[in-house]
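Visitor: I am new to this structure and would like to learn how to read it with some care. Could you take me through it one feature at a time?

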Amino acid sequence: MDHNNYPDSYIRGILNTVKTIAMVGISPKDVRPSYFAFKYLLERGYRMIPVNPGQVGGDILGQPVFGKLADIPEPIDMVDVFRAPQFALATVEEALALERRPQVIWMQLGIRNDAAAALAEANGLKVVMDRCPKIEYGRLSSEIGWMGVNTRVLTSKRAKLSGRGVQRMSLDRITMAGGATSAATKSSPKDDGGQ
């Protein structure tokens with residue numbers, strides 16, 4: 001996988017597939033980027049699990065906080081790493097030690113650790129580095145386009161609403177690149193080289 005340039009189908013496939021996301025390094029402070037991303041994804045229907053050893057016993061946005069991935073009593077689909085790059089390898093090792101491994105390791109904006117990515121990929125996990133799932137969801141659903149941001153998605157088709165209001169759009173969009181093919185089909189392994 002070229003970690004400098006991810007195909008939209010790869011990102012869309014991840015965001016359409018995962019349901020449960022453990023955010024490692026989330027802050028309870030409502031002015032922090034991790035809090036914004038957590039809240040946004042929670043409002044889009046993802047099951048969000050906060051992981052922060054300093055906040056165990058409390059909750060963030062109504063979700064109980066866990067100290068480490070192994071403490072989470074349910075399977076995790078994706079680990080969203082919101083910690084400095086030097087801690088990413090330890091987070092991947094912790095994820096790989098779980099009885100049921102996650103499908104994806106996602107490292108937030110500014111976080112890139114090639115050794116952690118290589119270890120995850122060698123064990124069959126998908127990896128995204130230096131990207132934010134909140135931003136990618138907003139870009140691919142065209143929500144972010146309402147603020148004047150160029151999404152690189154050109155279409156005259158009205159966005160499909162996910163049923164929870166005008167600003168809750170679906171990722172299953174018709175685009176110039178994909179024609180009328182659904183996002184789930186576009187994200188199939190044959191489309192992105194099996195990655």
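Guide: Let us begin where two helices touch: Phe36, Ala37, Tyr40 and Leu41 in α2 meet Pro133, Lys134, Tyr137 and Gly138 in α5. The residues of this contact divide into 6 nonpolar, 1 polar and 1 charged. Please keep in mind throughout that this is a predicted model.

Visitor: How should I describe the way these helices lie against each other, and at what angle do the axes of α2 and α5 cross?

Guide: Two packed helices are described by the angle between their axes together with the distance between those axes. Here the axes of helix α2, residues 33-43, and helix α5, residues 133-141, cross at roughly 45 degrees and come within 9 Å. Because of that angle, α2 is oblique to α5.

Visitor: Which residues of α2 are buried, and what do they pack against?

Guide: In α2 the buried residues are Ser34, Tyr35, Ala37, Phe38, Tyr40 and Leu41. They pack not just against α5 but also against β1 (20-24), β2, β3 (59-60) and β4. After the helix comes Gly45, which has a positive phi near 100 degrees.

Visitor: And is α5 mostly covered or mostly uncovered?

Guide: Helix α5 is mostly covered, with 7 of its 9 residues buried. These are Pro133, Glu136, Tyr137, Gly138, Arg139, Leu140 and Ser141, and they pack against α1 (8-17), α2, β5 and β6 (104-107). The residue that follows α5 is Ser142, whose phi is also positive, near 75 degrees.

Visitor: I noticed charged residues in that list; how do I read salt bridges, and how many does a search of the whole structure find?

Guide: Side chains of opposite charge can pair when their charged atoms come close. A search of the whole structure finds 7 salt bridges. One of them joins Arg139 to Glu136, with the closest N and O atoms 2.8 Å apart. Arg139 and Glu136 are 3 residues apart in helix α5, so about one helical turn separates them. Both Arg139 and Glu136 are buried, and these two residues are linked with Asp8 and Arg131 in a network of salt bridges.

Visitor: Which residue forms a salt bridge with Lys39 in α2, and is Lys39 buried or partly exposed?

Guide: The partner of Lys39 is Glu43, and their closest N and O atoms are 2.8 Å apart. Both residues lie in helix α2, where they are 4 residues apart, about one turn of the helix. Lys39 has a relative accessibility of 35% and therefore counts as partly exposed, while Glu43, at a relative accessible area of 31%, is partly exposed too.

Visitor: Where should I look for a salt bridge that links distant parts of the chain?

Guide: Look at Arg47 and Glu74, which form a salt bridge whose closest N and O atoms are 2.9 Å apart. Arg47 belongs to strand β2 (residues 47-51), whereas Glu74 sits in the loop between β4 (63-64) and β5 (78-81), 27 residues apart in the chain. Arg47 is partly exposed, at a relative accessible area of 29%, and Glu74 is partly exposed at 28%.

Visitor: You mentioned positive phi values; where does a residue other than glycine have one, such as a phi near 50 degrees?

Guide: Leu61 has a phi near 50 degrees, a positive value in a residue other than glycine. Leu61 lies in the loop between β3 and β4 and is partly exposed, with a relative accessible area of 30%. Asp130 is another residue other than glycine with a positive phi, in this case near 60 degrees. Its place is the loop between β7 (126-128) and α5, and at 36% relative accessibility Asp130 counts as partly exposed.

Visitor: Finally, how confident is the prediction, and what average pLDDT does the protein have?

Guide: Where pLDDT is low, the predicted coordinates should not be read in detail. The protein averages a pLDDT of 83, and 73% of the residues score at least 70. Over residues 173-189, however, the pLDDT is below 50, although the model gives this stretch 34 contacts beyond near neighbours in sequence. Residues 191-195 also stay under 50, and for them the model has 9 contacts beyond four places in sequence.

Technical notes
Residues numbered from 1 in each chain as written. Predicted model: local features only at pLDDT ≥ 70, side-chain atom pairs only at ≥ 80, totals over all residues. Heavy atoms only, no water. pLDDT = per-residue confidence, 0-100. Contact = heavy atoms within 4.5 Å. Axes fitted to C-alpha atoms, helices over the stretch in contact; angles between N-to-C directions. Parallel < 35°, antiparallel > 145°, perpendicular 65-115°, else oblique. Nonpolar A, V, L, I, M, F, W, Y, C, P; charged D, E, K, R; others polar. Salt bridge = Lys/Arg side-chain N within 4 Å of Asp/Glu carboxyl O. Buried < 20%, exposed > 50% of the residue type's maximum accessible area, 1.4 Å probe, protein only.
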